[in-house]
Amino acid sequence: MTFNRRLFLASLTATLAAPMVKAQTRPRVIIIGGGAGGATAARYLAKDSKGALDVVLVEPSQTYYTCFFSNLYLGGFRSFESLGHSYDKLAAAYGINIVHDLATGVDRAAKTVTLASGNTLPYDKLVLSPGIDFIDGSVAGWSLAAQDAMPHAYKGGTQQPLQAQIAAMRPGGTFAMVAPPNPYRCPPGPYERASMVATYLQANNPTAKILILDPKDKFSKQALFEEGWNKHYPGMITRIGPDMGGSAIEVRPDTMEVVVDGEAEKVDVCNVIPAQRAGDIASIAGVTENNWAPVHADSMLSRLDENIYVLGDATNQGDMPKSGFSANSQAKVAANHIRGALTGSPVFPAKYANTCWSLIAADDGVKVGASYAPTPEKIASVDTFISQTGEDAALRKATYNESLGWYTGITTDMFG
Amino acid sequence: MGRGAYLLGTLAAALSTGAAAQTLGDPAYGEYLSGECTTCHLAAGTSNGIPAITHWPAADFVAALQGYKSKTRPNPIMQMIAGRLSDDEIAALAAYYESIEN
Ligand SMILES: Cc1cc2nc3c(=O)[nH]c(=O)nc-3n(C[C@H](O)[C@H](O)[C@H](O)COP(=O)(O)OP(=O)(O)OC[C@H]3O[C@@H](n4cnc5c(N)ncnc54)[C@H](O)[C@@H]3O)c2cc1C
């Protein structure tokens with residue numbers, strides 16, 4: 001890989017040294033972050049511009065592990081390897097330059113990106129899709145330094161240590177989860193995780209307990225989850241909301257305690273999902289306000305820089321949830337807009353959609369979804385649907401099967 | 001020019017471009033619209049828990065989408081998606097998916 005990168009950088013230097021060569025006349029789009037938003041944007045830009053654009057994707061990881069379906073891994077329904085996706089096809093079949101490096105700086109005046117390796121790359125348009133980072137101090141007693149004892153497991157590829165801790169729980173032990181405040185990535189994610197941990201414990205440690213400490217009054221698909229928990233895991237899951245102290249939690253990683261309402265309780269596993277903000281590079285680039293990057297609803301163009309687009313979890317766009325589906329949908333609108341700006345291709349009206357499936361127990365799938373349209377202020381919800389309580393098992397199984405189809409669909413849409 | 005005016009301007013321009021393309025059942029507009037479908041329906045057409053929709057005769061494709069739009073075909077996802085497609089957009093998608101190469 002080092003070799004590939006050197007080759008790429010060598011050709012870049014050659015291009016810069018000889019400004020008259022043809023390749024250099026192609027406008028360059030740099031995409032930072034090869035996840036749901038960034039990989040989709042790179043693929044659509046390269047595929048649809050048919051070689052007219054120089055598409056560069058900056059991503060430190062060799063393999064992208066999806067957060068989506070990582071809960072199914074905890075439940076035993078997926079292998080960890082099945083969550084991993086390589087960038088090889090984006091390079092080989094679509095001609096995208098994949099630079100495995102971390103972006104550390106953006107000079108908006110000079111229109112350049114600086115990488116951890118020290119190299120600097122010029123761009124015509126820049127796309128940021130860095131996902132999330134955590135807000136320091138949002139859970140008292142927790143910091144990134146404590147993540148070995150109390151994992152967040154809320155970024156791609158980080159779920160294996162949590163799984164190992166759950167598997168090592170003593171019989172009848174307690175799995176605690178500190179749920180995040182809004183807004184955060186994947187609104188049903190913590191509750192699907194509790195369901196999948198319950199599936200695992202029911203089979204392997206049936207007297208164990210799950211304790212959810214939640215700063216929110218209500219949560220996504222709440223009626224569906226609570227119905228499912230009573231049906232499949234009676235008595236196993238307790239949720240403590242803000243009225244009972246769920247919003248003022250302290251954790252003690254050294255002694256594996258959680259302090260609720262002044263009372264310390266010893267737990268066996270503690271999954272802390274802290275409050276979130278746009279991935280660091282968005283604030284480094286100076287395109288955030290109050291933790292998130294505001295964007296124009298018709299294009300995903302930053303409201304603070306006319307050459308920078310922001311996608312996915314990092315944005316403040318309006319009504320869309322922070323999901324992989326949303327990031328993928330937004331990426332296609334941005335790609336169409338960028339091609340219009342750089343190559344004059346037609347710009348079609350922006351349209352967005354989202355569907356989030358969750359698995360409550362084996363073959364018990366539910367979904368929520370909506371369509372969205374741009375207004376001058378925000379991306380606004382147009383129409384919505386949600387699974388109903390009391391649905392029969394056949395419908396729930398069909399819904400789960402849809403989610404399997406979707407996983408193949410979206411990962412193919414991202415990585416080719 | 002204020003931001004609102006700018007936005008409305010680009011929106012109107014975008015809408016008119018789209019409208020010009022879509023009246024013809026234009027596969028290029030269909031290709032753009034199909035971006036909404038490929039998140040679930042594989043462009044390569046294999047079926048995997050969500051049915052394949054490539055290479056259907058355009059008339060059958062239109063009938064299926066109109067069925068979802070009028071809610072005579074069940075499935076809340078497809079009812080929502082088809083619900084906001086215009087007849088011209090459905091025609092453009094049908095033309096694109098009938099002729100898709102893979
Ligand atoms: C437990 C869980 C379950 C979920 N389930 C679902 C689901 O069922 N359906 C769904 O739609 N969504 C789901 N999500 C949400 C989904 O994973 C995210 O919303 C989605 O990944 C957001 O895409 P993104 O492009 O914004 O960020 P990401 O996909 O996180 O991609 C960001 C990428 O940017 C890279 N990066 C960051 N900073 C830099 C930098 N400085 N330089 C270079 N690269 C950088 C990172 O390495 C990463 O690869 C789930 C999330 C979790 C945590």
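Two strands count as paired here if DSSP finds at least two bridges between them. Keep that in mind for the sheets. One more thing before we start: this is a predicted model.

Let's take the smaller topic first, the sheet in the 250s and 260s of chain A. Three strands make an open sheet, ordered S14-S15-S16, and the pairing is antiparallel. Its edges are S14, residues 250-252, and S16, residues 263-266, each pairing on one side only. Neighbouring strands are turned by 25 degrees against each other on average, with direction ignored. Look at one pair. S14(A) and S15, residues 257-260 of chain A, are joined by three bridges and run antiparallel. Within that pair, Glu250(A) sits opposite Val259(A).

Now the parallel sheet. Which strands form it, and in what order? Five of them, in chain A: S5-S2-S1-S9-S20, again an open sheet, with parallel pairing. At the edges are S5, residues 97-99, and S20, residues 308-310, and each of these pairs on one side only. The twist from one strand to the next averages 20 degrees. As general background, strands of a sheet pair through backbone hydrogen bonds, either parallel or antiparallel. So this chain gives us both kinds of sheet, the parallel one and the antiparallel one.

Inside the parallel sheet, take S1, residues 28-32, and S2, residues 54-58. Five bridges link them in the parallel sense. Ile31(A) faces Leu57(A) across that pair.

Next, the helices on this sheet. H2, residues 36-49 of chain A, packs on it and touches S1 and S2; the direction of H2 makes about 165 degrees with that of S2(A). H9, residues 324-343 of chain A, lies across S1, S9 (125-128) and S20, at about 170 degrees to S9(A). Remember both helices. They come back with the ligand.

On to the ligand. Which residues come nearest? Out of 34 around the ligand, they are Glu59(A), Tyr64(A), Ser129(A), Arg185(A) and Asp313(A). Tyr64(A) puts a polar side-chain atom 2.5 Å from a ligand oxygen atom. The backbone takes part too. A polar backbone atom of Ala103(A) is 2.9 Å from a nitrogen atom of the ligand. For Phe325(A), a backbone N or O atom lies 2.9 Å from a ligand oxygen atom. How much of the ligand does the protein cover? On its own the ligand has 1000 Å² of accessible area, and the protein covers 91% of that.

Who builds the shell? The elements giving two or more residues are H2, H3 (70-74) and H9 of chain A. H9(A) gives the most, with three residues. That is the helix lying across S1, S9 and S20. By character, the shell splits into 17 nonpolar, 11 polar and six charged residues.

A quick stop at a hairpin. S6, residues 103-107, and S7, residues 112-115, pair in the antiparallel sense over four bridges in chain A. Asp107(A) stands opposite Thr112(A). The two strands form a hairpin with four residues between them, and Lys111(A) in the turn has a positive phi of about 55 degrees. Ala103(A), which meets the ligand through a backbone atom, falls within the residue range of S6.

Last, backbone geometry. Most residues other than glycine have a negative phi, and most peptide bonds are trans. Which spots depart from that? Lys50(A) is not a glycine, yet has a positive phi of about 45 degrees. Lys50(A) is in the loop between H2 and S2 of chain A. Then there is the peptide bond from Asn182(A) to Pro183(A): cis, with omega near -10 degrees. Pro183(A) belongs to the loop between S11 (174-178) and H6 (189-204) of chain A.

That's the tour. Happy to take questions.

Definitions and conventions. Residues numbered from 1 in each chain as written. Chains lettered and ligands numbered in written order. Predicted model: local features only at pLDDT ≥ 70, side-chain atom pairs only at ≥ 80, totals over all residues. Heavy atoms only, no water. Axes fitted to C-alpha atoms, helices over the stretch in contact; angles between N-to-C directions. Contact = heavy atoms within 4.5 Å. Near = heavy atom within 4 Å. Polar contact = N/O pair within 3.5 Å; in protein donor to acceptor, adjacent residues only side chain to side chain. Areas by Shrake-Rupley, 256 points an atom, 1.4 Å probe, with all protein chains shown as cover. Nonpolar A, V, L, I, M, F, W, Y, C, P; charged D, E, K, R; others polar.
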